[in-house]
Amino acid sequence: MRRFFTLLFVVWPLVAAALFLVECGALPNPFAWSRQPPVRVAADGSGDYVTLEKAVRSAPDGAAILLGPGVHRVAIPLTIQKSVRLVGAGAEDTEVVGDVPGFVVRFSGKGPFVVEDITFRYEGQEPADVVVVVRGEITFDRCRFTGAAGTGKVAQGGAGLRLKGGAQSEVRQCAAVANAATGILIEQTSSWLEANTCSDNGFSGIAYYGLSRGMARGNDCSRNGREGILVSGMAGPILEQNACTGNEEAGVAYWDTGSGVARENEFSGNGRFGVYVDDQAQPTLTKNLCAENGEAGIIFAGGSAGVARENECRRNGSGGIFVDEHAQPTLKLNVCTDNEWAGIAYWGSAGGVARRNECSWNGFVGINVSEQARPELDRNVCTEN
């Protein structure tokens with residue numbers, strides 16, 4: 001009993017102080033959603049507020065704004081700076097649509113923001129992203145981002161969802177499709193992307209720029225105009241169990257000094273490469289399936305390095321793993337079989353280490369070394385080529 005009263009004496013002042021700070025606004029209230037009555041907006045102009053813009057402007061901080069079925073048009077780009085929860089009737093039924101250049105909706109503030117079951121669509125012709133998150137904490141669930149217009153340059157629109165400025169974001173079970181440049185663009189921030197579809201975009205399904213980090217797990221990044229996932233700048237995300245198939249160039253591409261880990265992904269059926277590594281990039285590629293790509297399962301070029309370990313590269317149009325120019329990767333325990341020409345091939349002045357790889361049943365040679373290439377080959381198995 002004495003211990004109980006001692007604990008109560010110590011803990012209760014701390015709890016009371018925390019509640020006081022919440023009431024004053026100095027700390028976020030984790031129960032803010034439940035304490036505010038929901039605000040309803042109907043597409044026909046009925047409901048608590050006539051338009052989404054008026055609802056955002058008038059609703060109290062922390063309110064849930066319920067968008068009914070139909071098309072909710074925003075006359076000008078809408079910036080949301082207060083903590084709100086936007087809830088639609090389902091991405092197939094509720095749309096937020098704009099046609100003015102720049103963006104359709106932008107979230108800017110500390111948040112938290114929560115967005116569920118809504119399609120965001122841009123209908124204009126001038127460069128624009130669809131949804132932009134500048135900063136704060138935000139969660140998207142079961143949303144759709146489509147119609148972004150742009151030139152393909154990062155600063156000139158074209159992204160279905162652009163996450164930037166230190167925003168802490170979670171994007172789950174969403175679709176970023178049919179955008180001019182990128183499905184989901186992560187710029188100088190950290191994000192968690194899970195079970196999203198990022199397909200049929202002009203350039204990349206998912207693109208990381210700057211110092212971006214985070215996790216992309218279980219996403220489908222297929223049929224994009226260039227690559228399924230792009231890692232550039234000094235970005236270093238973890239890519240896990242994604243499917244990047246049927247893209248015009250590559251399943252995943254690493255540029256600049258891009259790094260991070262790609263593990264247990266499928267990079268198959270792409271126009272040229274499963275994995276493309278160039279410049280000074282140094283990723284770690286582990287246990288990926290790179291099959292039936294137009295040229296090679298994995299290629300290291302430029303001055304790139306990194307590690308490729310325990311990947312399966314089979315039935316590619318030319319080779320399992322290519323190492324070209326000045327690249328110096330470490331290749332360990334990969335299985336490179338049934339490729340049209342070679343299991344592993346070195347050109348230029350490439351080097352690095354190839355250790356304990358299996359290169360069998362390839363159309364011409366297990367391991368090819370030509371030009372000025374000087375790799376270290378150690379205990380590889382090359383049979384039935």
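1. A good place to start is one residue pair: Cys313 has Cys336, in strand 32, as its bridge partner. Please keep in mind as you look that this is a predicted model.

2. That pair belongs to two strands worth finding together. Strand 29, made of residues 312-314, runs parallel to strand 32 and is joined to it by 3 bridges.

3. Now widen the view to the sheet around them. It is an open sheet of 3 strands in the order 26-29-32, and the pairing is parallel. Strand 26 (289-291) and strand 32 (335-337) are at the edges with a single partner strand each, so each has one side without a neighbour in the sheet. On average, neighbouring strands here are turned by 5° against each other, with direction ignored.

4. A pocket comes next. The second largest pocket holds about 150 Å³ of space. Which strands each supply at least two residues of its lining? They are strand 11 (137-141), strand 14 (168-172) and strand 17 (190-194).

5. To trace that lining yourself, look for Glu137, Ile138 and Thr139, then Gln168, Ser169 and Glu170, then Ser190, Ser191 and Trp192, with Pro112 and Phe113 also lining the pocket. Sorted by class, the lining has 4 nonpolar, 5 polar and 2 charged residues.

6. Finally, a word on confidence. The protein chain has an average pLDDT of 91, and 90% of the residues score at least 70. Residues 1-34 are a stretch to read with this in mind: the pLDDT there is below 50, and the stretch has 17 contacts in the model beyond near neighbours in sequence.

Definitions and conventions. Residues numbered from 1 in each chain as written. Predicted model: local features only at pLDDT ≥ 70, side-chain atom pairs only at ≥ 80, totals over all residues. Heavy atoms only, no water. pLDDT = per-residue confidence, 0-100. Contact = heavy atoms within 4.5 Å. Pairing = 2+ DSSP bridges. Helix = DSSP H or I, 4+ residues; strand = E, 2+ residues; numbered from the N terminus. Axes fitted to C-alpha atoms, helices over the stretch in contact; angles between N-to-C directions. 1 Å grid on protein atoms, 1.4 Å probe; cavity = no way out; pocket = protein on both sides within 12 Å on 5 of 7 lines; lining within 4 Å. Points joined across faces, edges and corners; volume = space filled by probe spheres on them. Nonpolar A, V, L, I, M, F, W, Y, C, P; charged D, E, K, R; others polar.
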